[in-house]
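Hi everyone, thanks for making time this morning. Let's bring the structure up on the screen and walk through it together.

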Amino acid sequence: ITWMRERLNKEEGFTLVELMVVVLIIAILIAIAIPTFLGARERAQDRAAQSNLRNSLTAQKVYYTDTETYADAAQLQAAGIEPSLAFAAAPDPTDVGVVGVTLCDANVATDGQGMIVEVISQTGTQWGIYDIATGANAGTYYFNADTGCAALLAAPAGATDGFPPAP
């Protein structure tokens, strides 16, 4: 019993310097980890938007195969080809998962054979795909800027064959 009293009477613990070193180490680790996690979150948000864009392109191509013309947003939504996505006339940064569809057939010499699909990710970056079904410039072009339908007449500046666009 005496050994227990002796042990209870001893005052041992950590010094202030030791505690401050531990707090400093934890602060350094937090300072390193937070920017890494924030960067990963932004990349994930951009990739989610790009995934929605690719899925909408697939839906557009399915509709094109059936009708031989690209659909506007209302037709594509009504067709129910891709029910996990919402389609609109323009992308909306406040509504995640809404894909903007722009037809380029009235003022451009594509005759319903071209369209633009755009989405804005939660990071504020606008991603898009031009698809031209027929003609000299037929193909699929990816971009991350708002260029407009006129770019369908020629391969758009800054368009690439994949995400993210080349610098």
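How many salt bridges does the structure hold? Just one. Before I show you where, please keep in mind that this is a predicted model.

So, to the pair itself. The side chains of Lys 61 and Asp 131 meet in this salt bridge, at 3.3 Å from N to O. The two residues belong to distant parts of the chain: Lys 61 lies in helix H2 and Asp 131 in strand E4, with their positions 70 residues apart. In general, side chains of opposite charge can pair when their charged atoms come close.

Are the two partners buried or exposed? For Asp 131, the relative accessibility is 3%, under the 20% limit, so Asp 131 counts as buried. Lys 61 has a relative accessible area of 35%, which lies between 20% and 50%, so Lys 61 is partly exposed.

Now let's step back to the overall layout. The protein chain has three helices and five strands, and along the sequence the pattern reads α-α-α-β-β-β-β-β. Of its 167 residues, 33% count as buried. The accessible surface is about 10,400 Å², and carbon and sulfur atoms make up 59% of that. If you take the contacts with a separation of 6 or more, 41% of them come from residues 24 or more positions apart.

Next, the sheet. The five strands form an open sheet in the order E1-E2-E3-E4-E5, with mixed pairing. E1 and E5, the latter covering 139-143, stand at the edges; each has a single partner strand, so one side of each is left without a neighbour in the sheet. From one strand to the next, the twist averages 25°. Helix H2, residues 16-67, packs on this sheet and touches E1, E2, E3, E4 and E5. The direction of H2 makes about 20° with that of E4, and E4 is the strand that carries Asp 131.

What does mixed pairing look like up close? As background, strands of a sheet pair through backbone hydrogen bonds, either parallel or antiparallel. Here, E1 (residues 86-88) and E2 (residues 98-103) run parallel and are joined by three bridges. One place to look is Phe 87, whose bridge partner in E2 is Val 99. On to E3, residues 114-120: E2 and E3 run antiparallel, with four bridges between them. Gly 100 has Glu 118 as its bridge partner in E3, and Thr 102 stands opposite Ile 116.

Let me stay with Thr 102 for a moment. This residue is found in strand E2, and at 24% relative accessibility Thr 102 counts as partly exposed. Thr 102 and Glu 118 are 16 residues apart in sequence, and their C-alpha atoms are 8.1 Å apart in space.

Which residue does the side chain of Glu 118 join in a polar contact? The partner is Gln 126, at 2.6 Å between the two side chains. Gln 126 is found in strand E4. With a relative accessible area of 17%, under the 20% limit, Gln 126 is buried.

If you want to look around on your own, I'd begin with Lys 61 and Asp 131, the two sides of that salt bridge, and then go on to Glu 118 with its polar contact to Gln 126. Thanks, everyone!

Notes: Residues numbered from 1 in each chain as written. Predicted model: local features only at pLDDT ≥ 70, side-chain atom pairs only at ≥ 80, totals over all residues. Heavy atoms only, no water. Pairing = 2+ DSSP bridges. Buried < 20%, exposed > 50% of the residue type's maximum accessible area, 1.4 Å probe, protein only. Contact = heavy atoms within 4.5 Å. Areas by Shrake-Rupley, 256 points an atom, 1.4 Å probe, with all protein chains shown as cover. Axes fitted to C-alpha atoms, helices over the stretch in contact; angles between N-to-C directions. Salt bridge = Lys/Arg side-chain N within 4 Å of Asp/Glu carboxyl O. Polar contact = N/O pair within 3.5 Å; in protein donor to acceptor, adjacent residues only side chain to side chain.
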